[in-house]
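Q: I should like to learn how to read a structure of this kind. Could we begin with a single residue and then move to larger features?

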Amino acid sequence: MKDEIESLYHYTSIGGFKGIIDSSCLHATNIKYLNDSKEYIFGLDYFSNLFLDAELYRQYAVLNKNSLYDHLVDLLFSEVLSVFKYLREASNYFVISFSREPDVLSQWRAYGEGNVGYCIKFNYHDLFYPSDLGLGLVVKVDYVDPGDLGFARKKLEDIKAEWKSEFFKKMPWLREGNVKEYNKMLRRYFELEDLAGNTRSCSIGDKEIVYPDKVDEVDGNPQWYQEINKFVFFVVEPALSEIAYSWKHYSFSEESEYRYVFYRDLKSQEALCRKDNTFQEIPGKMDMKNFPALALRDLKFKEGKTFLVPYVEIPYDFKNKNIIDEVIVGPCPHPIEAASSVQQFLDMKLDNVVKVVDSKVPYRYW
């Protein structure tokens with residue numbers, strides 16, 4: 001995070017507030033069931049406007065030698081984008097929404113549900129440390145105007161600038177602008193991709209590597225191919241994942257949202273866990289004994305307005321730790337009684353003192 005953040009705010013209903021304190025958990029909701037109908041897909045669709053269709057790159061004749069590196073990176077992003085949107089992996093992303101801003105009218109309207117709402121002020125740094133280790137991270141949501149591709153271009157340009165020297169070192173035909181060798185590499189790349197299907201070789205080691213000056217069209221796993229796979233795995237896929245879960249339409253900008261995001265990997269759960277939810281040893285795999293177990297949490301469902309909403313519970317030790325700093329009681333007809341009952345409730349449930357204050361927004365829903 002570049003911003004200096006001390007607190008984040010979570011808006012919820014009266015029932016949601018009581019449930020958070022009673023259960024000492026926050027609910028991470030499946031990203032497809034949030035209030036933005038374009039969640040996950042919007043950012044990918046917007047970013048994909050920078051690229052040709054993946055199949056067209058196989059037909060695209062590279063004529064400008066200065067564009068070899070750009071062509072390769074664009075090709076890789078386009079290929080992975082098509083896979084991302086096809087697989088619709090959003091079903092495995094779960095988020096908890098927070099706001100940078102307290103006591104906002106639009107938030108009271110959205111989360112009060114026609115009744116009094118509550119805004120819980122959290123210590124930002126403690127959100128990274130739930131009671132059991134998690135696979136999540138707190139990210140800032142970026143709000144994007146779909147009619148302006150400048151934000152997407154900046155993202156792509158930054159990635160290209162960071163990795164250009166690495167690619168030039170490992171694929172010298174890019175540095176030299178050697179179109180002949182580059183086209184040989186592309187032909188071999190597509191052949192290897194067609195043979196590999198959805199599997200990729202991505203070996204990592206400390207040994208000294210000598211990068212060849214020419215493309216070997218016979219090698220079944222050339223070094224440059226491994227380097228491309230590493231770039232896809234460590235750069236392209238994480239970048240697109242971040243775009244998917246943290247880029248939203250600018251019409252939501254008033255929310256000033258930050259979100260706790262984690263990926264619930266169902267396949268890993270099935271492969272790595274025993275029936276008692278402990279990790280098993282798998283021959284030939286990495287040691288998983290100390291791997292965070294949040295992805296194993298049971299999936300639950302709550303009532304939405306038109307469908308059941310899947311979520312998982314993220315546990316925090318609200319009782320003994322100063323994670324909650326303050327609670328703001330939203331606009332309501334009986335603010336004194338509401339604040340008093342909340343204070344009594346918190347004093348009974350938590351060991352630390354939490355300040356309770358009234359909203360300053362002169363909004364009336366009653």
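**Reading a residue, a helix pair and a chain**

A: Leaving aside neighbours within four places in sequence, S48 is in contact with L81 and K85. Please bear in mind that the model is predicted.

Q: Where does S48 lie in the chain's secondary structure?

A: S48 belongs to helix α2, which covers residues 41–48.

Q: Does S48 count as buried or exposed?

A: A residue counts as buried when its relative accessible area is under 20%. S48 has a relative accessibility of 17%, and therefore counts as buried.

Q: How are helices α5 and α8 placed with respect to each other?

A: One considers how closely the axes approach and at what angle they cross. The axes of α5 (residues 150–170) and α8 (residues 223–246) come within 12 Å and cross at roughly 170°. Angles over 145 degrees count as roughly antiparallel, so α5 is roughly antiparallel to α8. The crossing of α5 past α8 is right-handed.

Q: Which residues meet where α5 contacts α8?

A: From α5 come K155, I159, W163, F167 and K170; they meet W224, E227, F231, V235, A239, E242 and I243 of α8. By class, this contact has eight nonpolar, four charged and no polar residues.

Q: What can be said of the chain as a whole?

A: The chain has ten helices and twelve strands. Of its 366 residues, 45% are buried. Among contacts between residues at least 6 apart in sequence, 83% join residues at least 24 apart. The chain exposes about 19,800 Å², of which carbon and sulfur atoms supply 51%.

Definitions and conventions
Residues are numbered from 1 along each chain as its sequence is written. This is a predicted model: local features need pLDDT of at least 70, side-chain atom pairs count only at pLDDT 80 or more; totals for chains, interfaces and linings use all residues. Side-chain values use heavy atoms; hydrogens and water are left out. Helices (H or I, at least four residues) and strands (E, at least two) are DSSP runs, numbered from the N terminus. Buried means under 20% relative accessible area, exposed over 50%, partly exposed in between (1.4 Å probe, protein chains only). Contact means heavy atoms within 4.5 Å. Axes are lines fitted to C-alpha atoms, for helices over the stretch in contact, and angles run from 0 to 180 degrees between N-to-C directions. Angles under 35 degrees count as roughly parallel, over 145 as roughly antiparallel, 65 to 115 as roughly perpendicular and the rest as oblique. A crossing is left-handed if the near helix is turned anticlockwise from the far one by less than a right angle, and right-handed if clockwise. Ala, Val, Leu, Ile, Met, Phe, Trp, Tyr, Cys and Pro count as nonpolar, Asp, Glu, Lys and Arg as charged, and the others, Gly among them, as polar. Accessible areas come from the Shrake-Rupley method with a 1.4 Å probe; for residues, only the protein chains shown count as cover.
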